[in-house]
Amino acid sequence: MRVGILGIGAIGSVIAHCLELHHDVYYFNRSTKSKIKVKKNNDVLIRKIELSLVDKVPTLDWLIICLKEYHYSDAHDTLQSLITTDTKVAVIRNGINLEEPILRYTDSKNIVECIIDCPTQVLNDGMYHQLYDPIIKVSNGKLSSEFRGLFRLDRLGIVEVEDYHTESWKKLIESSAIGSILCLTGETCRIFENSELVNLYGLIIDEAILVAKADNANISLEFKSELVQKLIAYPPDKGSSMLTDRIRGSLIEVNAKNGIISQVAKKHNIRTELNDTLSLLLRCINMR
Ligand SMILES: NC(=O)c1ccc[n+]([C@@H]2O[C@H](COP(=O)([O-])OP(=O)(O)OC[C@H]3O[C@@H](n4cnc5c(N)ncnc54)[C@H](OP(=O)(O)O)[C@@H]3O)[C@@H](O)[C@H]2O)c1
């Protein structure tokens, strides 16, 4: 298989090390890169790579996109060149409706949306520190099975789920509620010792659940209390990707988090004052 990875950052680097060795792999990244370095436990995996030029590669069988939500608009020309009618596309990023920005390049039947659980941080020497093996959730079906076939399953797990839409909403509801509170306060989960913040967390979740249900996600009655119980049990030093982005001075993926909740709500005429306010404040941080 000819497999392209677009975006050799944290997730792209981890994914590169999880591919079966017999593929022809093509790497695409905005900045120059000659090595992929990933650390997991005491193992350090280093691979020399050569970035490919988008107009000099043969037709790809698969393109795995590992960009952040706000990278997509600048990547238009690259996506247009790399995605042909014979290319299947996997989109790995946070948020929901991941196929939406790709539909201008190919048909929905060629796209696999992926929810990834794989906390990975960049260290000072450009090495990525991956906390554990990635778990990717995908919708069940033939294309997802083909996607699974690309990987070394001793390094990465692929879980095919019945109701991907609901799974993606559940992840979004939890990560946007925790992430926005931690990011805006600059604190880790120790802040939830304050019951007023647990209460606020619950209100943000209530609002997001209304939108998710209007968007046909199948959210159970117990979901909110499950999330609150989970929150209370988190270790005090647990952070979130949004908090990390703020600390590192990176852009926060607002539109893939609270922003998309407000956006979907508008289509259903649902008021989302909390998520609108959180998005506004997070966008202000992005203007630093
Ligand atoms: N990291 C995690 O722990 C984690 C966990 C779960 C989910 N996710 C999600 O996975 C997605 C990817 O995150 P990430 O952490 O891997 O982001 P990242 O480390 O910022 O990597 C993004 C990569 O894309 C490259 N890029 C940006 N624009 C490009 C363009 N136009 N053409 C080619 N390459 C381009 C960047 O290049 P430069 O080298 O120039 O910056 C960077 O290497 C996000 O939605 C994130 O929320 C991340």
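This is a walk through the structure above, from the whole chain down to its sheets and its ligand. Keep in mind that the model is predicted.

Let us start with the whole chain. The protein chain contains nine helices and 11 strands. Its radius of gyration is 19 Å, close to the 19 Å that the globule rule gives for 288 residues, so the chain is as compact as a globular protein of that length. If you follow the C-alpha trace along its principal axes, it spans about 55 × 40 × 35 Å.

Next, look at how the chain is divided. There are two parts, domain 1 (2–161) and domain 2 (164–286). Taken over C-alpha atoms, the centres of domain 1 and domain 2 are 25 Å apart. Where do the two domains meet? On one side, 14 residues of domain 1 are in contact with 14 residues of domain 2. Within the side of domain 1 that touches domain 2, strand S7 (111–117) and strand S10 (135–139) are the elements that give two or more residues. S10 gives the most to this side, with three residues. By class, the residues on this side of domain 1 divide into five nonpolar, four polar and five charged.

Now we can turn to the sheets. A little background helps here: the strands of a sheet pair through backbone hydrogen bonds, and they may do so in a parallel or an antiparallel way.

Try tracing the sheet of seven strands. This open sheet has the order S2-S1-S5-S6-S7-S10-S11, and its pairing is mixed. At the edges you will find strand S2 (24–28) and strand S11 (157–161), each of which pairs on one side only. From one strand to the next, the twist averages 25°. For an example of pairing within this sheet, pick out strand S6 (residues 88–92), which runs parallel to S7 and is joined to S7 by four bridges. Which residue of S7 is the bridge partner of Ile 92? The partner is Cys 114. A helix goes with this sheet too: H1 lies across strand S1 (2–6), S2, strand S5 (62–65), S6 and S7, and H1 runs at about 155° to S1.

There is also an open sheet of four strands, with the order S4-S3-S9-S8 and again mixed pairing. S4 and strand S8 (120–122) stand at its edges with a single partner strand each, so one side of each is left without a neighbour in the sheet. Here the twist from one strand to the next averages 20°.

Strand S3 in this sheet is worth a slower look. Strand S3 (residues 35–40) pairs with strand S4 (residues 43–48) in the antiparallel sense, over six bridges. In this pairing, Lys 37 stands opposite Ile 46 in S4. S3 and S4 form a hairpin with two residues between them, and Asn 41 in the turn has a positive phi of about 50°. S3 also pairs with strand S9 (residues 128–130), this time in the parallel sense, over two bridges. Here Val 38 stands opposite Tyr 128 in S9, and Lys 39 stands opposite His 129 in S9.

Finally, let us visit the ligand. How many residues surround the ligand? There are 29, and the closest are Gly 7, Gly 9, Ile 11, Arg 30 and Arg 93. By class, this shell has 13 nonpolar, 10 polar and six charged residues. Helix H1 (residues 10–18) gives the most to the shell, with three residues. This is the helix that you met lying across S1, S2, S5, S6 and S7. Why does the ligand lie between the domains? Domain 1 and domain 2 both give residues to the shell around the ligand, so the ligand lies between them.

Conventions
Residues numbered from 1 in each chain as written. Predicted model: local features only at pLDDT ≥ 70, side-chain atom pairs only at ≥ 80, totals over all residues. Near = placed C-beta within 6 Å. Nonpolar A, V, L, I, M, F, W, Y, C, P; charged D, E, K, R; others polar. Domains from an automatic or database assignment. Contact = placed C-beta atoms within 7 Å. Pairing = 2+ DSSP bridges. Axes fitted to C-alpha atoms, helices over the stretch in contact; angles between N-to-C directions. Rg over C-alpha atoms; globule rule 2.2 N^0.38 Å.
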